[in-house]
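Colleague: Please take a close look at the side of one chain that touches its partner, and then place it in the rest of the model. A connected account would suit me better than a list.

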Amino acid sequence: MKRRTIAGLVGAMLGAAVAAAPAHAQDVKIGLMAAISGPIAALAPPMAAASKLAVTHVNEQGGILKGGKLEAVLGDSACNPQNATDAATKAVNIDRVLAIVGPACSGAVLATANSVAIPAGVLMITPSGTSPEITKLKDKDLVYRTLPSDDYQGRALARTLKARGITKVAVAYLNNDYGKGLAESFKAEFEANGGTIAGYSGHEEGKASYRSELAALARGGADTLIIFDYGDGTGLSLLRQALENNFFKTFVGADGMKSEGLVKAIGAANLGGFFVSAPVGEASASLDNFNKAYKAAGENIDAVFATTSYDAAFLAALAIEKAGGDKAKLAESLRAVAMAPGEPIMAGEWAKAKKLIAEGKDIDYKGAGGDHEFDAAGDVPGSYAFFKVSGPGYESIADMK
Amino acid sequence: MDLLGLANYAVFMGILIGIYALLALGLNIQWGFTGLFNAGIAGFFAVGAYASAILTSLPASGRLGGYELPLVVGWLAAMAAAAAIAWPIGKICLRFRSDYLAIATIGIAEIIRLVIRTEGWLTGGVRGVTGVPRPFGDLDYMPSQIAYLAIVATLVLVAYLLVERQVKSPWGRMMRAIRDNELAAAAMGKQVEARRLQAFVFGSALMGLAGALFVHFNRSITPEAIDPMIATFLIWIMLILGGSGNNRGAILGAAVIWIIWSVSELLTDRLPTEIAVQAKYARVFIIGLTLQLVLRFRPEGILPERQAGSPPHR
């Protein structure tokens, strides 16, 4: 093949791409960076569908700005930085999006923020990146997320236990991102508040017996065992063996342990000393709105990150409306529409929001997945409650701060 | 659509193509000239990326690093670290022939990936390393990208010239002799094992440099970036398509494959939204199809190997 032929081919492809990308003057585009291929491919279609539902709501209820349509450009971030930055560069430069919803995985969020969104001044809201590193980005106030950092639950749990008078604990965590991340943030906060960690160890999944690990943890002398694991998996064996051998009196788990299968397997009568922390669905009217619409669109309402994906896209649209399409004002507008004070707006209430914005009134979006009161770093606090076992399920006994 | 945006996108593609070209050049030394089947490119890429990130990043609690050394030190260290990891691996594994070496290197890349994921004190674990500086990163979007492209392009050019010089020298002929007929080369008194080790270490160092360039561009690195699909197999496709044994072919292959990979998404985006999600897989398919077509109709690649000492025979 001659070099000229190759150059011709490359040129033709670029040309085709240019020709295929028509420009709409009044319409507004946002980029959805879903992880369509790659390790979390199964999660991507419901997330993309939820974001698109937000776009549909906007267009059905009067459109964006002055009669424009909101368009979603779907990119494949593939859960890795190479593809995510590539997809975002295309969205920002070729499609001229004003805001990016995504990417899905934390590593992709970091790379895209650093090499595309922040330098290009594009607003970015991730619905599923939970790494604490995202908090630390020097982001010119452009990077937000609609779900709490992994760090938050561990720290909130540590403070709750301290407040309940527990000062000495042992920690058993599953040795993966989830278990280890929680354990680390818990340990840091618990020790900072003067608590004692009497035992701290990670365990591998799927072993038949954890008695030796439990015995080693119990030797530290704590009565309370913190289990960062899954209640449908290893966490169940661990809890059962600890109860059988009377290693500890009180057990505390995080959201992964809040399983009804676990209560069924062990029996509520034996779980008087078992507590879990878990996120609580709040602003239930907004969540109901979303669930109804999402179900009507033929999707499963239990899909992970569906609510946060919807909220991220809806917030992006609200911010664009508020800023009048001015890219430079997006971050400031996002804070204005998402945070108190203001007239509350529920999921799906685009027409109402548009009207209030047009009248110059302040609004406060109460999302399907949370209130979205952003802190200085663009993180949301998340709302967690402390649960005890009650009957076949769980009952909330206290809110966690 | 405007030309400025298109130019910006082209510059971004240029940077990634440059990084992949370095990886392909490194692989070309190993496979193209010496016949070593390295299926663990991602591992050396990762070692380089993390070495440079740890040495040059801002201080952070909970992991090694934050030495804030100059970039050049980081880049040299990336090459040195990748070479230092490659040396013992080569020492042990290069006694294996072709497919066995491939299996061993896949395993090693996987070990490196798991070590990076779990040894949080060294690499930040699953959270990765952030706060890595980018040269000219304080400039505006476009100038900053152009400056980075200039750096990458310069390094690719230097690497290309050095490798080309080395390959045209008697060393290059000797490597090809070892590749084509190991016994004959040994009978001529060539130290086959030592030479293969040289090629392995040299190629791995270039892969390490590519890793360093990648991490400084994104100012961060997490284990997600060292997925074998995007950091090993894609490079093999680039080299095979471009023409293994030809350095220009390696660079061309990197450019062609990345452009197909990236631009094809723009085309699938124009499809109706109902099938947009499915259509994303079309580009993976296109890459596979391209590889099949090249292997069927032009197994020597777009730019085949040129035999030194004789005019091109095609």
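**The side of chain A that touches chain B**

Modeller: The contact between the chains involves 46 residues of chain A and 36 residues of chain B. On the side of chain A, the elements that each supply at least two residues are α1 (3–20), α2 (44–60), β2 (70–76), α3 (81–93) and α4 (106–120). By type, the residues of this side of chain A divide into 27 nonpolar, 12 polar and 7 charged. All of this is read from a predicted model, which scores ipTM 0.91 and pTM 0.85. For the partner, chain B, the average pLDDT is 89, and 96% of the residues score at least 70.

Two of the loops beside these elements have backbone features that deserve a look. Ala78(A) sits in the loop between β2 and α3 of chain A, and both of those elements supply residues to the side that touches chain B. Although Ala78(A) is not a glycine, its phi is positive, about 55°. Most residues other than glycine have a negative phi, and most peptide bonds are trans. Ala78(A) is also buried, because 31 other C-beta atoms lie within 10 Å and 20 are enough for that class.

The other loop leads into α4 of chain A: Pro103(A) is placed between β3 (99–101) and that helix. The peptide bond from Gly102(A) to Pro103(A) is cis, with omega near -10°. A cis bond also joins Ala340(A) and Pro341(A), where omega is about -5°. Pro341(A) belongs to the loop between α12 (330–338) and β11 (343–345) of chain A.

Asp141(A) is another residue other than glycine with a positive phi, here near 65°. Its loop runs between β4 (123–126) and β5 (143–145) of chain A. Asp141(A) has 16 C-beta neighbours inside 10 Å and therefore counts as partly exposed, whereas Ala78(A) is buried.

As for the chain that carries this side, chain A has 13 helices and 14 strands. The domain assignment splits chain A into domain 1 (27–147 + 284–365) and domain 2 (151–272). The C-alpha centres of these two domains of chain A are 35 Å apart. Along the principal axes, the C-alpha atoms of chain A fill a box of roughly 70 × 60 × 40 Å. A compact globule of 401 residues would have a radius of gyration near 21 Å, and the 24 Å of chain A agrees with that. Of those 401 residues, 53% count as buried. Among the contacts in chain A with a separation of 6 or more, 69% are between residues 24 or more positions apart.

Helix α11 (residues 306–323) of chain A shows what an enclosed element looks like here. Its 18 residues should span 26 Å at 1.5 Å a residue, and the end C-alpha atoms are indeed 26 Å apart. Of those 18 residues of α11(A), 18 are buried, so the helix is largely enclosed by the rest of the structure. Just after α11(A) comes Gly324(A), with a positive phi of about 65°.

Lys361(A) gives the opposite case. It is found in the loop between α13 (350–358) and β12 (363–365) of chain A. Lys361(A) has 11 other C-beta atoms within 10 Å; it is exposed because that class takes 12 or fewer. Apart from neighbours within four places in sequence, Lys361(A) is in contact with Glu343(A) and Leu356(A). Ala34(A) is 327 residues from Lys361(A) in sequence, and their C-alpha atoms are 33 Å apart in space.

Across the interface, chain B has 12 helices and 0 strands. With a radius of gyration of 20 Å, close to the 20 Å that the globule rule gives for 314 residues, chain B is as compact as a globular protein of that length. The C-alpha trace of chain B spans about 60 × 45 × 35 Å along its principal axes. Of the 314 residues of chain B, 54% count as buried. Residues 24 or more positions apart make up 76% of the contacts in chain B with a separation of 6 or more.

Notes:
Residues are numbered from 1 along each chain as its sequence is written. Chains are lettered from A and ligands numbered from 1 in the order in which they are written. This is a predicted model: local features need pLDDT of at least 70, side-chain atom pairs count only at pLDDT 80 or more; totals for chains, interfaces and linings use all residues. Helices (H or I, at least four residues) and strands (E, at least two) are DSSP runs, numbered from the N terminus. The expected span of a helix is 1.5 Å times one less than its number of residues. Two residues are in contact if their C-beta atoms, placed from the backbone, lie within 7 Å. Ala, Val, Leu, Ile, Met, Phe, Trp, Tyr, Cys and Pro count as nonpolar, Asp, Glu, Lys and Arg as charged, and the others, Gly among them, as polar. The radius of gyration is taken over C-alpha atoms; the globule rule is 2.2 Å times the number of residues to the power 0.38. Domain bounds come from an automatic or database domain assignment. pLDDT is the predictor's confidence in each residue, from 0 to 100.
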